[in-house]
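Colleague: Hi! I'm new to this one, could you walk me through it?
Modeller: Happy to, let's put it on the screen.

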Amino acid sequence: MAKKIIIFALLTGFLVTQIPRIRQTYSLSGTDILLINQRRSSYVGGRFLDNKATAVLNNFMDNFFESIDPNRYLFSSHPRERPDKTAYNIYITWPILIWLLLFLSFLF
Amino acid sequence: MAFIILVVSLLVRLYQLPSVPVGFYVDEAAQGYNAYLLLTTGRDEHNHVLPLYLQSFGTYPPALFAYFATVPIKLFGLSVFSVRLTSAVIGSVTVLVFAILCQFVFSRRSAFLLGGLLLAINPTHVLFSRGIHEPTLGLLIFLLGVTFLYRRCWTRGLLLLSLSTYAYQPQRLIVYPLILGLVFLFRKKPILPLILFGLTQLPNLLLGPSARLSALSWWPTPHPIREFLSQYLAYFSPRNLFWLPDPDLQRSLPQLSVFYSWLIIPFVWGIPKIKKHAFIILLLLVSPLAAALTRDPFSTSRASPFLIPLNLIILAGLLKKPKLGAVLLIISTVWLYRSLFVLLPLERYQAWNYGYETIFASLKSTPLPIVVDTSSGPVYILYLFFTKAQALPANVSFRSLVWSQDIYKKQIIVATPLSVSPNQAQEHFLQPLMSVYSPGHQIVLTAYSTDPVAKCHSFPDSAKIEACSRQ
């Protein structure tokens, strides 16, 4: 039961924090594509490790790690933490704190 | 098994050692050049006899690494390889000591091999063992001290912890609370070892520089508790540990964080298993203290002792499926290779002062005055290192460019494209003598020859007299 709660909590937390970022996950900017092309041509096997799929996966992982960052929940208004913060980022994170605490209680 | 671990860690650390990281950072040069001077003259670059701290660029790093580096410099001469070899060997020994600690903690044979492999290919530790010297030495001595203390060898443990504070300054802020915690944890008062520790710390307390901490600290601030907690918590964030590289480009590998991202799974598995290891929990809580007191959002070098408890937690998780863990770790070397040998030279050449060796070698015999722009940092030390000179020659100066004067003298200007753009070079009649290109074929540094006559004649008659009088 505890595991189910944790999975549910993480999924909910992840989805809620990522709603404004989901579009960014699946669309690559011109700079992203330029970087991929530069990297993939510079070594053998570049095509396998640097391509659009890995870039999308990287964006997804970026969002995932963002959503499990404790500083996002506790200090998201700190100027050092999120220079590009918005009101959404500051206030929406507080209700999700409960999920983070649940997660921590599960671990310890 | 110890032999296998040592060979793997040496292989990872020695392969292409002089050329990766590409370039040679000023801090490396300062340690290497001072080691060379200590070996040949017994004094550092500021003429201090056998110093405890190097004055260097005013940051006063401990001189212990420089003393260690005198051995390979004596054997192989002053070179990039000999300076980095010191760190590579120290890093490899660290891996071996960590493997021994793992066996003590988990009392399993597989813990030795898996723990050793875990640190041997850890991205942060591999980079540190190649080019970031003081934290590498500090970590080895700290780890030795911790290993002895884990076995309740108080005297050796405390003396080694004391020595670690002479290897890397931030260790001071970790060692003192750690010892307090251990005394409380083991419920023992080892009076004699503590007295010895106190005595060996006297030079540190009386002579040790504190200016660096004052310069880097966020103190004073109106919200000290918030500042400290936000910084402290950053060292427990999976985002910083498993995903984002250190924000300092010189202290991280491209696209790799402190650990490989997939290691978050054994990390989560390992957390419940360390509940009974109060020693690891204490290390975990104490290790980020020094880094949390400074302004940088996340500093792997200042929190380098943090690698010990975190790797132990990850190992505790990996031991759940040791064979799969070993296979995945071996596969992870592909990402290490990609980041260290492909992306680092391509994307981080500027952070490692790439190009100065080539340009100084070319300009070494020129009789003209040379002005080297210092917007990239105190690069004078690179000149001293690569030319093995006792002092800077009279015709070479290291400073910011003064446009109102420098272009009216016949001399050579060495600058990055950010300091002198192609348009500025054209406008001021600067003739490119040579350029150094990055591995990605971008201009890193250019040596220009000034043409004061052409510059003077480019003015209208009224302004010409004043401009030319500056020559």
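Modeller: One term before we start: contact means heavy atoms within 4.5 Å. Also keep in mind that this is a predicted model.

Colleague: Thanks! So in chain A, what share of the contacts with a separation of 6 or more comes from residues 24 or more positions apart?
Modeller: Those residues account for 56% of such contacts in chain A.

Colleague: And how many helices and strands does chain A have?
Modeller: Chain A has seven helices and zero strands. Along the sequence its pattern reads α-α-α-α-α-α-α.

Colleague: How much of chain A is buried?
Modeller: Chain A has 108 residues, and 35% of them count as buried. Its accessible surface is about 6,600 Å², and carbon and sulfur atoms hold 70% of that.

Colleague: Let's move to where the chains meet. How many residues of each chain are in contact?
Modeller: On the chain B side there are 30 residues, in contact with 26 residues of chain A. Between them the two chains bury about 2,500 Å², with 63% of it on carbon and sulfur atoms.

Colleague: Which three residues of chain B supply more of its buried area there than any other three?
Modeller: Those are B:Arg239, B:Trp243 and B:Arg338, which supply 26% of the area that chain B buries against chain A.

Colleague: What about charged pairs and polar contacts across that interface?
Modeller: There are three salt bridges between chain B and chain A. In one of them, the side chains of A:Asp69 and B:Arg239 meet, at 3.2 Å from N to O. B:Arg239 is also one of the residues in that leading trio for buried area. As for polar contacts, seven residue pairs are counted between the chains.

Colleague: Which elements of chain B give two or more residues to the side that touches chain A?
Modeller: They are helix 12 (224-234), helix 13, helix 14 and helix 18 (322-347) of chain B.

Colleague: Back up a second, why would such side chains pair at all?
Modeller: Side chains of opposite charge can pair when their charged atoms come close.

Colleague: Got it. How many salt bridges are there over all chains?
Modeller: The count is eight over all chains.

Colleague: Does any residue stand out to you?
Modeller: Have a look at B:Arg251. B:Arg251 forms a salt bridge with B:Asp27, where the closest N and O atoms are 3.7 Å apart. That pair links distant parts of the chain, 224 residues apart: B:Arg251 is in the loop between helix 13 (238-242) and helix 14 (264-273) of chain B, and B:Asp27 is in helix 2 (residues 26-40) of chain B.

Colleague: Which other residue does B:Arg251 form a salt bridge with?
Modeller: B:Asp248, with the closest N and O atoms 4.0 Å apart.

Colleague: Is B:Arg251 buried or exposed?
Modeller: B:Arg251 is buried, at a relative accessible area of 17%, because buried means under 20%. Its two partners are partly exposed: B:Asp27 has a relative accessible area of 29%, and B:Asp248 has 37%.

Colleague: Any other pair to look at in chain B?
Modeller: Yes, B:Arg302 forms a salt bridge with B:Asp296, and their closest N and O atoms are 2.7 Å apart. B:Arg302 counts as buried at 12% relative accessibility, whereas B:Asp296 counts as partly exposed at 32%. Going back to the earlier residues, salt bridges that share partners join B:Asp27, B:Asp248 and B:Arg251 into one network.

Colleague: New topic! Which helix gives the most to the nonpolar patch?
Modeller: That would be helix 10 (residues 191-207) of chain B, with nine residues. The patch covers about 1,100 Å² of surface, and its residues include B:Leu52, B:Leu159 and B:Leu196. B:Leu196 is found in helix 10 of chain B and is partly exposed, with a relative accessible area of 32%.

Colleague: Last one: where is B:His277?
Modeller: B:His277 is in the loop between helix 14 and helix 15 (278-286) of chain B. B:His277 is buried, with a relative accessible area of 13%.

Colleague: Which residues is B:His277 in contact with, leaving aside its neighbours within four places in sequence?
Modeller: B:Val105, B:Phe106 and B:Tyr150. By contrast, B:Leu78 is 45 Å from B:His277, C-alpha to C-alpha, and 199 residues apart from it in sequence.

Terms used
Residues numbered from 1 in each chain as written. Chains lettered and ligands numbered in written order. Predicted model: local features only at pLDDT ≥ 70, side-chain atom pairs only at ≥ 80, totals over all residues. Heavy atoms only, no water. Patch = residues over 30% accessible without salt bridge, like charges linked within 9 Å, V, L, I, M, F, W, Y side chains within 5 Å. Areas by Shrake-Rupley, 256 points an atom, 1.4 Å probe, with all protein chains shown as cover. Helix = DSSP H or I, 4+ residues; strand = E, 2+ residues; numbered from the N terminus. Buried < 20%, exposed > 50% of the residue type's maximum accessible area, 1.4 Å probe, protein only. Buried area = accessible area lost by both parts, 1.4 Å probe. Polar contact = N/O pair within 3.5 Å; in protein donor to acceptor, adjacent residues only side chain to side chain.
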